[in-house]
Amino acid sequence: MDLGLKDKIVVVTGGGSGIGAAISMTLAEEGAIPVIYARRAPEDSFLDALMAKSPRAGWIKADLSQDDACRRAVEQTHEHWGRVYGLVNNAGANDGVGLDAGPEAFRASLNQNLIHYYTLVHLLMDDLKASKGAIVNISSKTAVTGQGGTSAYVAAKAAQLGLTREWAAALAGDGVRVNAVIPAEVMTPLYRRWLDTMDDPEAQLAEITARIPLGQRMTLDTEMAATTVFALSERAAHTTGQWLFVDGGYTHLDRALSTLAPTT
């Protein structure tokens, strides 16, 4: 299936590691030109593989918590690559800022996990309108389930879902589509580091996967990427304002399903 993404420039924040890296690579495989915004350089082996699939792909160093850094990144994108077709707002991390952290830490966390989603849409809005392009916001199941001890992260992720609907409404008249893709349990380097803080990481992993109805396994980063890239593509031309859960049924299905034997 041709997704119609050949030679289209797509900005992917946090696109050099984890879910973001899988999205960047899938875009490259579809002929798009991923431009990664990241605080740290992606690994050389990843960049080599990415550019082998999309020779014009590249990355820009940017601390997205800083408005000026976002502005410079967009200016560099225009200078080096040209008009942007798509934006994947992905960068962020669960920093564990809970009720005990206080308002200053809460605001700082929102700056790391939420504000740049808005800033980049603001800065790229003219490009997106001219391209009749697409935005995908990567959120989290915690936005609709809560987690405990993560007030700021959950606030950011829930706001991203609200903004997905708001921007879909605001930009519909310009032909710009906006959707969210929502993971639950995806094995990434960041997730692995969190697991490794547990007394028995493998037992914790087994407990988590046992509660995932479809296959009792973690979602693959490539599965997240496939849905994200499809949502960006012309094949999803009449899909906007949607929250797409890529989670093996974890968020919405009865967890008791994980204990049932397969039907024949």
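## A walk through the fold

With a relative accessibility of 31%, T240 counts as partly exposed. That makes this residue a handy place to start looking around, and do keep in mind that the model is a predicted one. You'll find T240 in the loop between α10 and β7. Which residues does T240 touch, once its neighbours within four places in sequence are left aside? The contacts are with A168, V176, R177, V178 and N179. Try picking out A155 as well: T240 and A155 are 85 residues apart in sequence, and their C-alpha atoms are 22 Å apart in space.

Now for the sheet. Seven strands make up an open sheet with parallel pairing, and their order is β3-β2-β1-β4-β5-β6-β7. Two of these strands, β3 (58–61) and β7 (243–246), stand at the edges; each has a single partner strand, so one side of each is left without a neighbour in the sheet. Going from one strand to the next, the twist averages 20°. As for what holds such an arrangement together, strands of a sheet pair through backbone hydrogen bonds, either parallel or antiparallel.

Let's zoom in on one end of that order. Strand β2, residues 33–38, pairs with β3 in the parallel sense, over four bridges. If you want a landmark here, look for I36, which stands opposite W59 in β3. Helix α3 (residues 67–80) packs on the sheet too, where it touches β1 (9–13), β2 and β3. The direction of α3 makes about 155° with that of β2.

Another helix to find against the strands is α10, residues 221–232. Helix α10 lies across β1, β4 (86–89), β5 (134–138), β6 (177–183) and β7, and runs at about 170° to β6.

Helix α10 also meets another helix. The axes of α10 and α1 (residues 18–29) come within 8 Å and cross at roughly 55°. An angle between 35 and 65 degrees falls outside the parallel and perpendicular ranges, and α1 and α10 are therefore oblique to each other. Their crossing is right-handed. On the α1 side, the contact is made by G18, I19, A22, I23, T26 and L27, while α10 brings in D221, T222, M224, A225, T228, V229 and L232.

Compare that with another helix pair, α5 and α7. These two pack at an angle of about 20°, and their axes are 13 Å apart. That angle makes α5 roughly parallel to α7. The crossing of α5 past α7 is right-handed. To see where they meet, look for Y117, Y118, V121, M125 and K129 in α5, which meet K157, Q160, W167 and L171 in α7.

K129 is worth a second look, as its side chain also meets that of D174 in a salt bridge, at 4.0 Å from N to O. K129 lies in helix α5 (residues 115–131) and D174 in the loop between α7 (151–171) and β6, so the pair ties together parts that are 45 residues apart in sequence. Are these two partners buried or exposed? Neither word quite fits: K129 is partly exposed, with a relative accessible area of 31%, and D174 is partly exposed as well, at 27%.

How many salt bridges does a search of the whole structure find? The total is 10. One of them joins D63 and R39, whose closest N and O atoms are 3.1 Å apart. D63 sits in the loop between β3 and α3, and R39 in the loop between β2 and α2 (44–53), so this bridge ties together parts that are 24 residues apart in sequence. D63 has a relative accessible area of 27%, which makes it partly exposed. R39 is partly exposed too, at 38%.

Last stop: E202 and R192. These residues form a salt bridge, with 3.0 Å between the closest N and O atoms. E202 belongs to helix α9 (residues 201–209) and R192 to helix α8 (residues 189–195), so the pair links parts that are 10 residues apart in sequence. E202 is partly exposed, its relative accessible area being 47%, and R192 is partly exposed at 27%. There's a third residue to add here: salt bridges that share partners join R192, D196 and E202 into one network.

Key. Residues numbered from 1 in each chain as written. Predicted model: local features only at pLDDT ≥ 70, side-chain atom pairs only at ≥ 80, totals over all residues. Heavy atoms only, no water. Pairing = 2+ DSSP bridges. Axes fitted to C-alpha atoms, helices over the stretch in contact; angles between N-to-C directions. Contact = heavy atoms within 4.5 Å. Buried < 20%, exposed > 50% of the residue type's maximum accessible area, 1.4 Å probe, protein only. Parallel < 35°, antiparallel > 145°, perpendicular 65-115°, else oblique. Left-handed = near helix turned anticlockwise from the far one by under 90°.
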